[in-house]
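Thanks for coming. I will go through side-chain contacts in one chain, then a piece of its surface.

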Amino acid sequence: MIALAEKRTFTVALIGNPNTGKSTLFSGLVGVHQQVGNYPGVTVEKKSGEMRLGDRPCELVDLPGLYSLAARSRDEMVAVDLLLGRQNGAAVDAVLCLVDASNLERNLYLVSQVLDLGLPVVLAVNMLDVAERRGIRVNVARLKERLGIPVVPIQANRRLGLDDIKAALAEIAGAAVGQVACSRCRSPFCTPPVPRPQVAAGAPTPLPEPFEREVTLLESEFAADSRQAADGRLPRCLVRRLLLDRNGYLQRTLLEKDPQRWSVRIAAAQERLAAAGCPVPEVETTARYDWARQVLDGIVTEPGHYRPTNSDRIDRVLTHRVWGTLIFAAVMIAVFQSVFVWAQPAKKGIEALTAAATNYLTAHLAEGAVRSLVVAGVLGGVGNVLAFVPQILILFGFLAILEDCGYMARAAFLMDRLMVRVGLSGKSFIPLLCSFGCAVPGVMAARVIEDERDRLTTILVAPLLTCSARLPIYAMLIGAFIPERFYWGRLLSLQGLTLAGLYLLGIVAAVAFAMLFKRTILRGQTPPFVMELPSYKMPSLRTVLERMAERGWVFLRTAGTLILGVSILVWAALYFPHDPQATHQEQQRNSYLGRAGRVIEPAVRPLGWDWRIGCAVIASLPARELVVSNLGVMYHLDDQPGDGGSRSKQWTEKLHGVTWDGTDRPVYNVPVALGIMVFFALCAQCAATLAVIRRETNSWRWPAFTFGYMTALAYTAALVTYQVGMWIGGG
């Protein structure tokens, strides 16, 4: 048994309040040995990584940032289930709690809840340097003595104290060897539970005795109930949470067999507690903060009065109703300008490599189906999208910097004023902000919103915000049709302003439809919004680079494989039936895709599109960025050898040279290009997003509704853009 235990991976959960440096600590402990997936059976994202504790493998699981274990949302329920070993039998052997030294009293609220679970706990005290600058002194040695658990001072952004954390966890892992295996999850580390340390503040739990008596009574009733006992004994900490849960989320989740009967018993217990002067959930807030204050008495020394910090001075400007909003707009414009300007060297390098590969394959492969497949199908599809990876990396890099330095919390604060007018709260801002990277995590992030109407509204409008998949489309058409004009001494460019305008279009559309939904099909009151503004700090270069690499790899792994498959299908639909005697234009018209395109051409002609654009758009339903590869295949962008670094020029020349069948009239012009970009700014061309909406809402009705309203909106907006553009241009 001991030998078996020594080989078993030791699992540690990392938990902490938001803005305590948890992501930085996670990256520092596991480095590149991390992966992102979903918890089995649910759509909550799971981030885990591998590290070594001496000679023992250890898995570190990064839980969502939480203020409390009161499970009011899907993230919190998954975190509680994982900590209790209820997540499909997965057992957690220890918990690493991260706290902010400058806000210890508030952070210890969550720590007290974790201690109630009976698991081994290591407490990491971060940002001691920030606390000292504020005049706050923390006696870490006395805190360790009082809590009776390992307490490690760290500075996560500088990787200080990480070895001490590993040493503390290794000691726990070594002490756990040889324990009796748990009958529930077979883990030698799960039970018998490590007793909660007796702190100087007093009782084994900070909750008052009348409350604990009701917990004991309810616990015995659960044990006596045969139907409930069949599912396994409920841990005492969950029984406490059932009493404290006033929104019924836990009751619906844990007591599925007879929720109504148990709801009556729980309500009766809550009434008795109110009569005894222990109303829920207020009793928990009062008791736990009282406990935290007793624990910290004599340990934390605060200044007589707090002097304004640099963060306070900066916030007077950045959170100002007028100046803060203007600065936020300027920051966003600067980001979009940099996406174009800074990415050019790397973009040209990728274009040069693709052109060189095209030249080599064209020279060494015999003319025929194989060369056409490799050059037009593979390079013409995947190569076109790879050229835009630098722009995507730069966008994610800026978002990571803004988040790591603390500015994103200020942006959420500023946007809360707008959200309230829309009918949402600031809690919707972060999911919507995530959607600028990808709508899939944006939709999934909406699970932190407790109000179901607000959550559903956020899910329905999140795909309207411009994700990274739209960036290749914008870059291709802006580079080909928007002049490279500069203003204010090259500080602003027309191309960058056009990109910013497309992002703004998505924001305006999301706001408008959120207002519409909240006043019609999802009418309801706006919930209050409370958030913490973290101190400003220098962003960690390593963390930023890791996030850029992570998101870039996700894009290449998921989008790249999909693009390759669809590009080959589009090539085949254009290549067959093949007539060696036909011209390139005749071959396309008579191919399977050409025949289908001519059928739909009457529907897209009012937008200024010919059948090729219509087919490329339809074939891009799985992912928006496919339209670039589809057009590259259709226009045989890689059929002719080109000089290195000329791919952007090839795109421009090819698009400007496309004509309507049987005429010399160009298909593409500025109104057509703007119409295509507007269409993709507003359409629902993303099967993955629709699938996630289906999983998050547990219904096909909402993804179908999302696809319907967004497609109608995109078509109408593209029609207006093209027709107005042609009218202005006199076309």
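Let me start with a definition: a residue counts as buried under 20% relative accessible area, as exposed over 50%, and as partly exposed in between. This is a predicted model, so please keep that in mind throughout.

Salt bridges come first. The count is 17. One of them joins Glu219 and Arg236, with the closest N and O atoms 2.7 Å apart. Glu219 belongs to helix H8, residues 209-224, and Arg236 to helix H10, residues 236-244, so this pair ties together parts that lie 17 residues apart in sequence. Is Glu219 buried or exposed? Its relative accessible area is 14%, so Glu219 is buried. Arg236 has 24%, and therefore falls in the partly exposed class.

The next bridge is between Arg410 and Asp315, at 2.8 Å from N to O. Here the link runs between distant parts of the chain: Arg410 is in helix H19, residues 407-422, while Asp315 is in helix H14, residues 310-318, and the two are 95 residues apart. Both ends of this bridge are buried: Arg410 has a relative accessibility of 1%, and Asp315 has 11%.

A third example is Arg605 with Glu601, whose side chains meet at 3.2 Å, again N to O. The two ends fall in separate classes. Arg605, at 40% relative accessibility, is partly exposed, whereas Glu601, at 13%, is buried.

Salt bridges also form a network here. Which residues does it link? They are Asp116, Arg241, Glu284 and Arg288.

Now the aromatic side chains. How many aromatic pairs does the structure hold? There are 13. Take Phe517 and Tyr709: their ring centres are 5.4 Å apart and their planes stand at 90°, so the pair is edge-to-face. The cut-off behind that label is an angle over 60 degrees between the planes. Phe517 sits in helix H24, residues 494-519, and Tyr709 in helix H33, residues 701-729, so the contact ties together parts 192 residues apart in sequence. Phe517 is buried at 4% relative accessibility, and Tyr709 is buried at 11%.

A second pair is Trp609 with Phe679. The ring centres lie 5.3 Å apart with the planes at 80°, so this pair is edge-to-face as well. Trp609 is in the loop between helix H27 (592-604) and helix H28 (611-619), and Phe679 is in helix H31, residues 670-682, so the pair ties together parts 70 residues apart in sequence. Trp609 is buried, with a relative accessible area of 2%, and Phe679 is buried too, at 6%.

Back to Phe517 and Tyr709 for a moment. They belong to one aromatic cluster, together with Phe513, Trp702 and Phe705.

Last item, the surface. Which residues form the nonpolar patch? Ile333, Tyr487, Trp488, Leu491 and Leu497 do, and together they have about 530 Å² of accessible area. Where is Trp488 in the chain? It lies in the loop between strand E10 (486-487) and strand E11 (492-493). Trp488 has a relative accessible area of 68%, so it counts as exposed. Compare the class of Trp609, which is buried at 2%.

To close, the two tallies were 17 salt bridges and 13 aromatic pairs. I will take questions now.

Terms used:
Residues numbered from 1 in each chain as written. Heavy atoms only, no water. Patch = residues over 30% accessible without salt bridge, like charges linked within 9 Å, V, L, I, M, F, W, Y side chains within 5 Å. Areas by Shrake-Rupley, 256 points an atom, 1.4 Å probe, with all protein chains shown as cover. Salt bridge = Lys/Arg side-chain N within 4 Å of Asp/Glu carboxyl O. Helix = DSSP H or I, 4+ residues; strand = E, 2+ residues; numbered from the N terminus. Buried < 20%, exposed > 50% of the residue type's maximum accessible area, 1.4 Å probe, protein only. Phe/Tyr/Trp six-rings, centres within 6.5 Å; stacked < 30°, edge-to-face > 60°.
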